[in-house]
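Let's walk through this model together, one question at a time. Have a look at it first, and then we can begin.

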Amino acid sequence: MARLPILTAPDPRLKAKAKPVERVDDGVRQLMDDMLETMYVAPGIGLAAPQVGVSKRVIVLDLAKEEEPRAPLKLANPEIVWVSDEDAVFEEGCLSVPEHYAEVARPAAVRIRYLDYENEIREIEASGLLATCLQHEIDHLDGVLFIDRLTALKRNIILRKLLKAKKAAVKEAASA
Ligand code: NI
């Protein structure tokens, strides 16, 4: 397995719509494993392929707490096939939007159809934090970040800070 570099906003690759995989083959499985390793090290609870610069509809998640055994989820071509009428609000963060958090309202429960690690079609129903995380990761596949679900004012404040941090990092690297 290999760790992959994580892109941070603003970056045009995070805004692109990712392509479905034809099937979950060894290459896609390798990508899923690499993404999981990258996510665990970061650390994060979810990661989408566009965040590591790969334009494929692949996401991984693991909501297990530190003291619990790992419970990785690996999904290809995830599709939301049902959402609840009620919304739930969670504070969201994102490895591609480092150090910024905001409350986002999304459907409280969802049903997702996807291809699993063995290329089998599966469905899961989720509520609570898992429902929010799945929707957040699927958003990435459509080039949508959680800050795109905030008001333009809030989004622009965060984007300006991210850009500033990026420029400072480039400057630091150049002078090192
Ligand atoms: Ni994210």
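Q: Where is Pro-43 found?
A: This is a predicted model, in which local features need pLDDT of at least 70, side-chain atom pairs count only at pLDDT 80 or more, and totals for chains, interfaces and linings use all residues. Residues are numbered from 1 along each chain as its sequence is written, and side-chain values use heavy atoms, with hydrogens and water left out. A cis peptide bond with omega of about -10° joins Ala-42 and Pro-43. Helices (H or I, at least four residues) and strands (E, at least two) are DSSP runs numbered from the N terminus, and Pro-43 sits in the loop between helix 1 and strand 1.

Q: In what order do the elements of the protein chain run from the N terminus on?
A: The protein chain has three helices and seven strands. Going along from the N terminus, the order reads α-β-β-β-β-β-β-β-α-α.

Q: Which strands stand at the edges of the open sheet?
A: Two strands pair if DSSP finds at least two bridges between them. Five strands form the open sheet, antiparallel and in the order 1-2-3-6-7. Two of the strands have a single partner strand each, so one side of each is left without a neighbour in the sheet: they are strand 1 (46–48) and strand 7 (121–127).

Q: Which residue of strand 3 does Ile-59 stand opposite?
A: Strand 2 (residues 58–61) and strand 3 (residues 73–83) run antiparallel and are joined by four bridges. Within strand 2, Val-58 and Val-60 point one way and Ile-59 and Leu-61 the other, and all are buried (under 20% relative accessible area; exposed is over 50%, partly exposed in between, with a 1.4 Å probe and protein chains only). Val-60 stands opposite Lys-74 in strand 3, while the residue opposite Ile-59 is Leu-75.

Q: What angle does the direction of helix 2 make with that of strand 2?
A: Axes are lines fitted to C-alpha atoms, for helices over the stretch in contact, and angles run from 0 to 180 degrees between N-to-C directions; contact means heavy atoms within 4.5 Å. Helix 1 (residues 26–41) lies across strand 1, strand 2 and strand 3, at about 40° to strand 2. Helix 2 (residues 128–141) packs on the sheet, touching strand 1, strand 2, strand 3, strand 6 (109–115) and strand 7, and its angle with strand 2 is about 150°.

Q: Which residues coordinate the nickel ion?
A: Donors are N, O and S atoms within 2.8 Å of the metal (3.2 Å for Na, K and Ca), and water is not among the atoms, so sites may look incomplete. The donors of the nickel ion follow the spacing C-x41-H-x3-H along the chain. At 2.1 to 2.2 Å, the coordinating residues are Cys-94 (SG), His-136 (NE2) and His-140 (NE2).

Q: How many residues apart in sequence are the parts that Cys-94 and His-136 tie together?
A: Both Cys-94 and His-136 are buried. Cys-94 lies in the loop between strand 4 (87–92) and strand 5 (102–107) and His-136 in helix 2, so the parts this pair ties together are separated in sequence by 42 residues.

Q: Is Glu-99 buried or exposed?
A: Most residues other than glycine have a negative phi. Glu-99, in the loop between strand 4 and strand 5, has a positive phi near 70°. With a relative accessible area of 73%, Glu-99 is exposed.
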